[in-house]
Amino acid sequence: MSKGRHFVGPDRERDGRRDGRRRETVRAVVYAACGTVLLAGCASMPDSGDLRGVESTPRQDAQVRVFALPPHENAPPGQIVQGFLEALTSDDPHYETALKYLTAHAAKTWRPDASTTVLDGGPTAYPVHDGTRDDSEDYASTLTGGRFATLDSRQSYDPADGQYRETLHLTREKKSGQWRIDDLPQGIVMGKSDFLRNYTAVNKYYFASNTPTESNGQPVSVADPVYVRKKVDPMTQTVSSLLAGPSRWLGPVVRSSFPTGTALRKGVTSLTPDDQNRLTVPLNDKASRVGSAKCTEMAAQLLYTLQDLTPTGVDEVALQRANGTQLCVLRKEQVATVAARGVVEHPEFQYFIDGKHRLVRVAGDSLEAAADVTPVPGALGEGEKQLRSAAVSRDEGSAAGVSLDGASLYVGSLVSGGSLGEPVLTSQGTTKADRLTTPSWDGDGDLWVADRDPKKPRLLFLEKGAGEPLEVRTPGLDGHVEAVRVAADGVRIALIVEKDGLRSLYIGRIERDERSAQTSGGSAQEKTTAQQTKGQRTGEQSVVSVLELHSVTPQLEEVTAMSWAGDSRLVVVGREQGGVQQMGYVQVDGSTPVGSAPAALTGVKSIAASEDERMPLVAYSEEDGIVRLLSGSKWQKLVKEGSAPVYPG
């Protein structure tokens with residue numbers, strides 16, 4: 001368990017104290033009013049007085065940029081090490097100041113963009129005792145600290161723990177007599193508070209490649225979060241990252257419409273929208289021959305990616321060939337006709353199970369605390385079967401309900417007069433807690449649910465909510481699935497997994513593969529199952545797997561509830577070791593998004609959020625029943641008797 005990581009938000013004051021490292025001697029703050037000239041005419045540096053640690057605190061002023069100072073003449077090796085570490089946290093676009101602390105050879109071979117290692121309290125430098133005399137020509141310093149996270153070469157975030165330990169070696173250059181670093185690890189290292197000040201999370205968008213497309217043939221967008229340096233031309237960084245391709249984890253299930261090798265045209269170092277909020281993106285030769293349909297998909301990827309990067313977003317994207325001629329233009333209001341977001345924007349209703357164990361709903365746009373609650377049309381709202389949980393399809397045309405005893409799963413349409421028929425799935429678990437979880441619909445209209453029967457725990461998939469349930473392959477799953485939520489894009493799934501009494505939240509990648517039962521050499525039973533699976537062509541077997549599960553809440557020992565709350569964000573209810581229940585947001589990569597956590601609420605057993613972040617949170621509390629959290633408000637009671645709230649999905 002990582003003791004330095006916090007669920008709701010970072011302890012910035014503590015990190016600031018630990019990160020402060022004689023910044024007065026190596027760092028200067030340059031304000032926009034003074035231009036970009038380091039301290040020129042802005043302030044004077046004191047030439048006397050003692051040295052004191054200066055806390056590293058997040059700076060909210062967008063007009064403030066931080067630059068490091070180059071090495072002093074005849075600086076001792078300890079100052080060279082400290083100055084280099086400070087230079088890594090500055091707003092220097094190409095780490096030019098950091099390079100001045102290296103020998104010429106080291107400067108040529110060092111790759112700062114290889115990775116970023118984030119430590120709980122910043123790196124601590126310890127001199128190696130051998131060869132550290134003043135008259136020595138060699139010096140070594142060991143950097144240590146507790147790992148918090150890493151960014152890889154594509155700027156993808158990954159939580160980390162354990163100890164960081166690397167060595168910087170210095171030598172005294174013969175010609176100049178100055179100490180310089182001649183051997184160092186690739187990438188950069190910094191403390192958590194410096195990371196929060198320097199970096200911001202953005203979503204790149206690609207298209208799902210292994211799921212059926214929407215009925216109109218549109219590709220479905222998938223968010224791929226990365227971190228970019230927030231004060232070093234983040235727009236250009238983000239576009240370059242998008243062109244470079246998806247993260248390693250997401251890559252197998254998405255595609256990019258940009259041809260392989262596409263990059264910004266040589267010589268293009270900055271991208272800025274014009275006064276009409278139009279962004280022109282000059283590309284290299286790799287993209288010069290794409291057709292109009294492919295080009296508009298490329299533009300759609302850019303518009304989705306840049307939508308939240310500036311306060312107003314980007315209204316129009318124009319793509320150019322390497323020779324400067326125009327490839328295509330796409331406006332923001334046209335993007336939905338090119339590619340679907342996948343998420344349900346502004347769902348019509350919120351749903352839950354009422355005191356009579358029926359599926360009921362309330363208008364999604366209702367802002368009143370005492371909104372009208374009505375049973376859904378059809379058998380699930382008429383009480384034909386008493387329910388304990390339900391899931392509503394994303395088009396809000398059908399729903400799946402789990403019986404009160406948790407043993408049976410029913411699927412019915414949300415139209416008056418509709419009947420349920422026989423259950424589509426039955427669990428043989430001996431107790432209610434050992435039976436079916438709340439189901440979940442993906443964007444293709446397929447239904448997911450877990451059977452918690454200890455004798456046969458399974459994650460199951462029902463194509464279009466019907467037919468023979470298909471057991472999902474889950475290699476690497478260590479524990480039993482207690483809750484399931486599938487993302488709208490159909491390629492990511494969130495699972496609460498229990499092991500040894502601890503419950504953690506995992507994100508997995510969904511991969512689908514159709515194999516011919518006639519040629520795969522499968523057993524007769526496997527062939528029969530394939531032929532019975534509704535919607536599959538005769539003789540084919542659909543293989544669905546959840547791969548590369550990774551924990552996004554390593555600091556929590558008990559996750560009570562979760563729900564998707566955006567393209568790459570979830571809301572989670574959980575408890576740290578020895579702590580109390582709390583609620584917060586987490587990104588699919590395990591990072592904590594910027595912003596405040598939801599207001600505290602006690603006794604939360606389930607929670608529902610819409611991927612449309614404008615919609616209110618809905619929760620079931622043992623003390624208050626069904627409650628809603630409207631934007632800018634407090635939790636408000638909707639009904640006392642009710643449970644299991646859900647949004648479509």
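The legends below describe close-up views of a predicted model.

**View 1. Confidence along the predicted chain.** The protein has a mean pLDDT of 85. Of its residues, 82% reach 70 or more. Residues 1–62 have pLDDT below 50. Beyond near neighbours in sequence, that stretch has 133 contacts in the model. Residues 516–539 also have pLDDT below 50. Here the model shows 27 contacts beyond near neighbours in sequence.

**View 2. Helix α2, residues 77–88.** The helix has 12 residues. How far apart are its end C-alpha atoms? They are 17 Å apart. At 1.5 Å a residue, the expected span is 16 Å, so the two values agree. The helix is mostly covered, with 10 of its 12 residues buried. Among the buried residues are Pro-77, Ile-80, Val-81, Phe-84, Leu-85 and Leu-88. Gln-82 and Glu-86 are buried too, as are Gly-83 and Ala-87.

**View 3. Strand β3 and its partners β9 and β5.** Strand β3 covers residues 116–119. In a regular strand, side chains alternate between the two faces of the sheet. Thr-116 and Val-118 lie on one side of β3. Thr-117 and Leu-119 lie on the other. Are these four residues buried or exposed? All are buried, and both faces of the strand are covered. Strand β9 (residues 188–191) runs parallel to β3, joined by 4 bridges. Within this pair, Thr-116 stands opposite Ile-188. Strand β5 (residues 138–151) pairs with β3 in the antiparallel sense, again over 4 bridges. Here Val-118 stands opposite Ala-149.

**View 4. Asp-489 in the loop between β27 and β28.** The flanking strands are β27 (480–486) and β28 (492–499). Asp-489 sits in the loop that links them. With a relative accessible area of 6%, Asp-489 falls under the 20% cut-off and is therefore buried. What does its side chain reach? The side chain of Asp-489 reaches the backbone nitrogen of Val-491, at 2.8 Å.

**View 5. The open sheet β34-β35-β36-β37.** Strands of a sheet pair through backbone hydrogen bonds, either parallel or antiparallel. This sheet has 4 strands, and the pairing is antiparallel. Which strands form the edges? They are β34 (604–608) and β37 (635–639), each pairing on one side only. From one strand to the next, the twist averages 30°. Strand β36 (residues 625–629) is joined to β37 by 4 bridges. Across this antiparallel pair, Leu-629 stands opposite Trp-635 of β37.

Definitions and conventions
Residues numbered from 1 in each chain as written. Predicted model: local features only at pLDDT ≥ 70, side-chain atom pairs only at ≥ 80, totals over all residues. Heavy atoms only, no water. pLDDT = per-residue confidence, 0-100. Contact = heavy atoms within 4.5 Å. Helix = DSSP H or I, 4+ residues; strand = E, 2+ residues; numbered from the N terminus. Buried < 20%, exposed > 50% of the residue type's maximum accessible area, 1.4 Å probe, protein only. Polar contact = N/O pair within 3.5 Å; in protein donor to acceptor, adjacent residues only side chain to side chain. Expected span 1.5 Å × (residues − 1). Pairing = 2+ DSSP bridges. Axes fitted to C-alpha atoms, helices over the stretch in contact; angles between N-to-C directions.
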